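Good morning, colleagues. I would like to present one structure today, and I ask you to have the sequence and the model in view as I speak.

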Amino acid sequence: AEQLEAERHAAVLAELDEHKKSEQSLQQRLDDWEGNHRCFQQELEQSLASRVALEESLRVTESSLHDRQSDIEKLETLHTELRGGQKSDIHELSVQVSTLQADLDQQQALRRDAQ
């Protein structure tokens with residue numbers, strides 16, 4: 001009976017040892033999973049931070065592009081106004097030259113008549 005009890009005791013100890021090994025294996029798998037989860041979480045946070053930075057950079061670039069487009073439109077308007085002003089100035093000068101030429105012709109005619 002003692003031997004039977006000892007064999008049962010040994011079998012229970014062996015089963016307990018197997019459960020402990022299984023529990024340790026499961027704990028190791030859980031620790032590994034938690035470590036992987038932390039790594040993935042960090043990668044996700046870095047990816048999100050990178051995305052936010054890229055979106056901000058895109059917003060700044062779009063704003064700068066809009067500002068430059070606005071500057072180009074202003075310069076085109078100014079250029080058009082200046083060309084129109086130059087044409088107007090040229091016309092005025094042409095009229096003045098014609099007037100001066102007519103005055104000069106008239107003075108020369110008066111001199112000839114006076115001589």
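Let us begin with burial. Of the 115 residues of this protein, 1% count as buried. Please bear in mind that we are looking at a predicted model.

What does the overall fold consist of? The protein has 1 helix and 0 strands. Its radius of gyration is 49 Å, well over the 13 Å given by the globule rule for 115 residues, so the protein is more spread out than a compact globule. Along the principal axes, the C-alpha atoms fill a box of roughly 165 × 15 × 10 Å. To illustrate this with one pair, Val95 and Gln28 are 67 residues apart in sequence, and their C-alpha atoms are 99 Å apart in space. Val95 belongs to helix H1 and counts as partly exposed, because its relative accessibility is 41%.

I turn now to the surface. The protein exposes about 10900 Å², and carbon and sulfur atoms supply 55% of that area. Which residues make a nonpolar surface patch of about 300 Å²? The patch is made by Leu75, Leu78 and Leu82. Leu75 lies in helix H1, which covers residues 2-114. With a relative accessibility of 56%, Leu75 counts as exposed, since the cut-off for that class is over 50%.

Next, the charges. The protein carries 13 positive and 25 negative charges, and the mean positions of the two sets are 7 Å apart.

How many salt bridges does the structure hold? There are 3, and I shall take them in sequence order.

Asp17 pairs with Lys21, with the closest N and O atoms 3.6 Å apart. These two residues are separated by about one helical turn, because they stand 4 residues apart in helix H1. Asp17 is partly exposed, at a relative accessible area of 37%, and Lys21 is also partly exposed, at 45% relative accessibility.

Arg51 forms a salt bridge with Glu55, and here the closest N and O atoms are 3.0 Å apart. Again the partners are 4 residues apart in helix H1, hence about one helical turn. Arg51 counts as exposed at 51% relative accessibility, whereas Glu55 is partly exposed at 42%.

Finally, Arg59 bridges to Glu56, the closest N and O atoms being 2.7 Å apart. Arg59 and Glu56 are 3 residues apart in helix H1, which is likewise about one helical turn. Arg59 is partly exposed, with a relative accessible area of 46%, and Glu56 is partly exposed, with 38%.

Thank you for your attention.

Conventions. Residues numbered from 1 in each chain as written. Predicted model: local features only at pLDDT ≥ 70, side-chain atom pairs only at ≥ 80, totals over all residues. Heavy atoms only, no water. Patch = residues over 30% accessible without salt bridge, like charges linked within 9 Å, V, L, I, M, F, W, Y side chains within 5 Å. Areas by Shrake-Rupley, 256 points an atom, 1.4 Å probe, with all protein chains shown as cover. Salt bridge = Lys/Arg side-chain N within 4 Å of Asp/Glu carboxyl O. Buried < 20%, exposed > 50% of the residue type's maximum accessible area, 1.4 Å probe, protein only. Rg over C-alpha atoms; globule rule 2.2 N^0.38 Å. Lys, Arg positive; Asp, Glu negative; His and termini not counted. Charge placed at Lys NZ, Arg CZ, Asp CG, Glu CD.
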